[in-house]
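Hi,

Here is the structure I promised to pass on. Have it open while you read, and my notes follow below.

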Amino acid sequence: MNRREFLKVCSTVATASLASPSLFSKLVQAQEGAFKKYKKALLVKEDGSPLKPEDLKVGKEYIFFYPYRSTPCMLIDLGEEVKGTQVKLSDGTTYYWQGGVGPKKSVVAYCSICPHQLSYPTPEFSFINYYPSDTPSKVVGRGNVIQCCAHMSIFDPKKGGTVIDGPAPNPLLTIVLEFSDGKFYAVGTLGKEPFEDFFDAYRRGLRKRYGSSRKAKELVEKSTVVEVEKYAKEIIRC
Amino acid sequence: MADFSRRDVFKLAGVGALIGTMHLSSTACAATTASRMLPPSKGNRVVIVGGGWAGMTAAKHLKKEMGDKVDVVLIEKRKIFMSCPISNVWLGGLVEMDFLMHDFHTPASKYGYTFINATVTDIDRDKKRVYTTEGYVDYDYLILAPGIRYNYDAWFKGDKDMARICATHFPSAFIPGSEHVALKRKVDNFEEGTFVLVVPPPPHRCPPAPYERAAMIAHVFKKNGVKGRLIILDPKDQIKPKGPGFRQAYEQLYLDIVEYVPNAKVKEVDPVNKVIKTTAGDFKFDDANLNPPHQAGDLAWKAGLVNPKTGWCDVDQLTLQSKLDPHVFVAGDASSVKGFPKSGDMAHNHTQNMVVKALTALLKGKDPYEAVKAPTNTCYSMVNGSPKEAIVINVLYEIDRKKKAPVKKKVNVENTRSARLAHATFEWAKALYRDMFS
């Protein structure tokens with residue numbers, strides 16, 4: 001990282017930390033450009049009211065869109081404190097993943113675009129999903145994983161979305177959450193962003209769904225959280 | 001051309017060049033064959049011969065890894081890409097042909113490599129030069145991804161006429177193109193009688209493909225109310241891989257249609273009288289999909305890189321460099337790596353994780369063995385067309401640094417067919433097409 005890049009990272013991290021001072025100390029630890037700040041978005045329920053911790057069922061997979069209106073993310077309350085950890089990218093970059101947020105520090109969020117070949121949940125199908133412990137993946141015979149059924153990439157939701165097995169070269173992109181005054185906010189991303197490839201690969205589909213590529217790329221200021229079953233007609237678990 | 005030696009080709013080229021000097025107007029082909037197509041290499045040129053699953057993956061990922069530091073040239077003879085994976089599903093009428101078709105131009109434009117639409121006529125490894133119908137290109141490293149060729153000689157002992165008759169009337173359709181369309185027409189038109197499908201002996205391209213193809217043909221026969229049988233003649237003693245999944249499909253969905261015959265090694269094929277003699281008996285057929293044994297593609301033979309005892313190229317088990325020439329990597333089905341099936345997914349995976357990583361390290365002056373990563377292989381097979389249902393096998397490998405070879409770490413199989421896995425089959429394909437073509 002050159003000096004200019006480093007300063008840029010410091011400034012984005014510093015800005016993010018204004019919103020949540022507790023974030024600062026951890027994020028500033030040599031994030032090497034892995035953290036990117038976006039518009040701070042309040043997570044809300046379908047009725048528009050702020051999402052509260054008690055609204056989340058433990059082990060349930062929820063979907064919301066962030067930082068763009070077309071980029072899906074998953075939100076999971078893992079039911080117990082999830083500690084932060086170091087995460088490594090395929091190019092050797094490492095960053096500190098913050099762990100869970102919320103009153104129990106148990107809520108995590110990841111971008112649900114597979115870092116392997118960009119499979120993502122659509123209104124028709126969701127191929128990349130969280131498997132709670134009581135619904136283990138049939139392919140690998142275990143739960144508490146996030147798995148993409150297109151090519152069986154498997155990720156660890158308790159370890160910053162790191163790759164457990166399969167062809168994905170990088171961990172899932174973390175959606176950095178902040179919890180304050182009983183509300184959840186998404187503030188940025190941490191890791192390797194798939195967005196450029198995503199917008200390029202799905203141009204036709206996104207245009208159909210959102211009207212134009214430009215509209216698909218609108219940043220959100222508020223994001224509705226729903227159970228993934230309410231969004232995708234079919235949840236493909238394998 | 002297949003019977004010509006390298007010397008013959010050079011001789012011909014020499015004659016062509018000579019004629020070219022005498023009759024400039026009538027020898028455009030010979031003249032261009034002898035001309036240099038691109039500026040001399042700056043020491044970082046990788047020429048990829050063959051734009052199939054391995055070649056397309058290599059071109060993109062080399063550029064992604066190295067950007068402008070590598071000069072990538074992809075040479076492919078076809079005018080359009082047609083995917084062999086999912087072609088059985090198309091044969092069953094479950095997708096339109098445009099699902100299989102892709103262009104070479106978009107990825108070349110996007111990732112910045114040179115695409116040459118020409119047929120390779122010879123490879124001179126001493127000069128590190130690839131000759132094509134459009135001229136020649138010099139390389140520093142060559143990635144040879146020629147796919148497979150059919151070994152009709154194993155059946156017809158050098159009788160070219162019989163081989164041609166067999167290939168024309170009963171095309172194999174393991175190399176995409178006209179053969180696939182011809183086979184689909186056969187299947188769609190079949191009304192009654194016996195249809196034979198011969199499973200090639202291993203190793204062949206895509207181990208589960210003949211069984212998936214049988215399921216898709218049976219699906220069409222069932223849909224069309226065909227009064228007939230589909231006989232699968234398998235040289236092996238059982239269906240492999242995903243045996244239980246295929247067996248259940250044949251028994252539960254196509255009991256009156258499919259007859260599976262194990263231990264049926266081909267002894268004699270008579271495409272004129274439509275009889276095939278095997279170690280499990282003789283079979284007369286009305287129509288057939290006759291699949292001869294597979295070998296490394298023609299260009300691998302032309303380059304002198306095939307082990308004639310096996311019919312495949314011996315390669316370093318981690319980098320996939322030819323054992324005969326470290327400047328040549330053999331990617332895809334033509335290479336022989338223990339434990340790797342010959343398939344689109346495997347070609348994609350070993351090219352991205354092993355060939356490209358090793359070559360990138362070499363170009364950067366680093367240790368290629370350290371750079372190689374373990375591949376995976378995921379293979380879906382559609383076994384039912386109505387409703388669409390599939391089964392899957394997924395193999396995880398790890399790199400054994402001591403043995404300098406990949407070894408299987410875990411094999412996951414789901415033999416219970418389901419609609420979920422059918423959806424995943426399409427997503428599997430779309431995602432890989434996305435990687436190679438968008």
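**Helix 8 of chain B and what surrounds it**

In helix 8 of chain B, the buried residues are B:His180, B:Leu183, B:Lys184 and B:Val187. They sit on the same side of the helix, because the arc they cover around the axis is only 100°. Before going further, please keep in mind that this is a predicted model.

The spacing of those four fits a simple rule. An α-helix has 3.6 residues a turn, so residues three or four places apart point the same way. As for the helix itself, helix 8 of chain B runs over residues 178–189, which makes 12 residues. From first C-alpha to last it reaches 17 Å, close to the 16 Å expected at 1.5 Å a residue.

Which residues are exposed on the other side of helix 8 of chain B? Those are B:Ser178, B:Arg185 and B:Asn189. The buried residues, for their part, pack against three elements of chain B: helix 4 (87–91), helix 9 (209–223) and strand 17 (287–289).

**Two open sheets in chain B**

Strand 17 of chain B also belongs to an open sheet of four strands, with the order 13-12-11-17 and parallel pairing. The edges are strand 13 (258–261) and strand 17 of chain B; each has a single partner strand, so one side of each has no neighbour in the sheet. On average, neighbouring strands here are turned by 20° against each other, direction ignored.

If you want to look at one pairing in detail, try strand 11 (residues 192–198) with strand 17 of chain B, which pair in the parallel sense over three bridges. There you will find B:Val196 opposite B:Ala288 of strand 17. Helix 9 of chain B, one of the elements that helix 8 packs against, lies across strand 11, strand 12 (227–233) and strand 13 of chain B. Relative to strand 12 of chain B, helix 9 runs at about 180°.

The other open sheet I noted in chain B has three strands in the order 14-15-16, and its pairing is antiparallel. Strand 14 (266–270) and strand 16 (281–284) of chain B are at its edges, each with a single partner strand, so one side of each is left without a neighbour in the sheet. The twist from one strand to the next averages 15°. Strand 14 and strand 15 (residues 275–278) of chain B run antiparallel and are joined by four bridges, with B:Val269 standing opposite B:Ile276 of strand 15.

**Backbone oddities**

A couple of cis peptide bonds in chain B deserve a look. One joins B:Pro202 and B:Pro203, with omega about -5°, and B:Pro203 is in the loop between strand 11 and helix 9 of chain B. Another goes from B:Lys240 to B:Pro241, with omega near -5°. B:Pro241 is in the loop between strand 12 and helix 10 (243–253) of chain B.

Over in chain A, A:Lys105 has a positive phi of about 55° although it is not a glycine. You will find A:Lys105 in the loop between strand 5 (94–97) and strand 6 (107–111) of chain A. Is A:Asp181 buried or exposed? A:Asp181 counts as exposed, because it has 6 C-beta neighbours inside 10 Å, whereas A:Lys105 has 17 and counts as partly exposed. A:Asp181 also has a positive phi of about 55° without being a glycine, and its loop is the one between strand 12 (174–180) and strand 13 (183–190) of chain A.

**Chain A overall, and where the chains meet**

Chain A has six helices and 16 strands. Of its 238 residues, 45% are buried. Counting contacts in chain A between residues at least 6 apart in sequence, 59% join residues at least 24 apart.

Finally, the interface: 18 residues of chain B are in contact with 20 residues of chain A. On the chain B side, the elements that give two or more residues are strand 22 (376–385), strand 23 (388–400), strand 24 (405–418) and helix 14 (419–437). Helix 14 of chain B gives the most, with 10 residues. By class, this side of chain B has six nonpolar, seven polar and five charged residues.

Cheers

Key:
Residues are numbered from 1 along each chain as its sequence is written. Chains are lettered from A and ligands numbered from 1 in the order in which they are written. This is a predicted model: local features need pLDDT of at least 70, side-chain atom pairs count only at pLDDT 80 or more; totals for chains, interfaces and linings use all residues. The expected span of a helix is 1.5 Å times one less than its number of residues. A residue is buried if 20 or more other C-beta atoms lie within 10 Å of its own, exposed if 12 or fewer, and partly exposed in between; C-beta atoms are placed from the backbone. The arc is that of the directions from the helix axis to the C-beta atoms. Two residues are in contact if their C-beta atoms, placed from the backbone, lie within 7 Å. Ala, Val, Leu, Ile, Met, Phe, Trp, Tyr, Cys and Pro count as nonpolar, Asp, Glu, Lys and Arg as charged, and the others, Gly among them, as polar. Two strands pair if DSSP finds at least two bridges between them. Axes are lines fitted to C-alpha atoms, for helices over the stretch in contact, and angles run from 0 to 180 degrees between N-to-C directions.
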